[in-house]
Every structure is written in structure tokens, then in C-alpha cells.
Amino acid sequence: MARPPQGPDYTKQEAVINWPEEVPPWTQPPSQPDPTYSRGLREADVGAAPGSEAAGGGPMTKLAQWLWGLALLGCTWAALATGALGLELPPSCREVLWPLPAYLLVAAGCYALGTVGYRVDTFHDCEDAARELQSQIREARADLARRGLRF
């Protein structure tokens, strides 16, 4: 038996649901708006990890992605450099491994400078929007001058 869902977050496209004959009351959509909706909570939020996309925290920010990546690389480097994994690296690898964070820092700086330079070089001026804004400023000044404001 198909029963149309109810509640504020259901659309007409979700109206075709094959409900079992006897549905427990806690699995039915609310007939009245639930007060938890006003707090931004959804049914998917229950049991979700804090800050996760399922908990309404949104996707991971770029800063968090970079920090996780740096932590992973740092832990890997520390484990290899200190010999915590029990791997016997050849001397040539150890000579490259110790200054590797400095090399990566210089490479990241070069990448950042290159990205900023490229973005500045390819920045587009919005000439039409600038003209429209200037005309709106002139109109606003004329209107204010008519009302007695002096510039």
C-alpha cells in the first residue's frame, strides 16, 4: 500500500514509497512539523559523527584536508626517519629523507607563488559591471542632491 509521506522536507517526487501494512510509529514521517527541524537536525543526523557531512557539518574544508594530508605525510616521514617501522633504508635514501620536509616546504612555496601569479595574470575585469555600478552611483548622487544632500 503506497502512502504519501508527510512533513516539511518531503517532495512530490518522494511520494511513491511502498510502506509495509503495519508501520511502527517511530518510522513514519512526522504529521506535524518536528521541533528538531527548527534546530537544523534531520533524521540522517542521528548517530552521525560530529562535523561529518551526514551530521550537517558539510564537507571537509580545504584547511582540514591540507592539515590531514600534512599530518599523514609528517607521520610517515617521522616513522621512516626514526626507523620506527624497522625498515633498514639504504644510506642514499636516508640522506634524501632527512631534508625532505625542507624540500617539500620550498616546493609548496613555489607552487603558491606560481598559483598567485597565474591568478593575477588571468584576472578578468568586469567592465560592464563597473559601468553599471558607476551609473547607479551617479543616479544615487543625483537623487540625494535632489533631496538636499551636498557632496
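How much area does the protein chain expose, and what share of it do carbon and sulfur atoms supply? The protein chain exposes about 13100 Å², of which carbon and sulfur atoms supply 63% (Shrake-Rupley method, 1.4 Å probe; for residues, only the protein chains shown count as cover).

This is a predicted model, in which local features need pLDDT of at least 70 and side-chain atom pairs count only at pLDDT 80 or more, while totals for chains, interfaces and linings use all residues. Residues are numbered from 1 along each chain as its sequence is written, and side-chain values use heavy atoms, with hydrogens and water left out.

Colour the chain by secondary structure: there are 5 helices and 0 strands (DSSP runs, H or I of at least four residues and E of at least two, numbered from the N terminus). Of the 151 residues, 6% count as buried (under 20% relative accessible area, with exposed over 50% and partly exposed in between; 1.4 Å probe, protein chains only).

Next, select Trp77 and Trp98, whose ring centres lie 5.7 Å apart with planes at 90°, so that the pair is edge-to-face (centres within 6.5 Å, using the six-membered ring of Trp, and planes over 60 degrees apart). Because Trp77 belongs to helix α2 (residues 62-82) and Trp98 to the loop between α3 (91-97) and α4 (100-121), the pair ties together parts 21 residues apart in sequence. Trp77 itself is partly exposed, at a relative accessible area of 24%.

Finally, turn to Leu104 in helix α4, which is partly exposed with a relative accessible area of 45%.

Definitions and conventions. Phe/Tyr/Trp six-rings, centres within 6.5 Å; stacked < 30°, edge-to-face > 60°.
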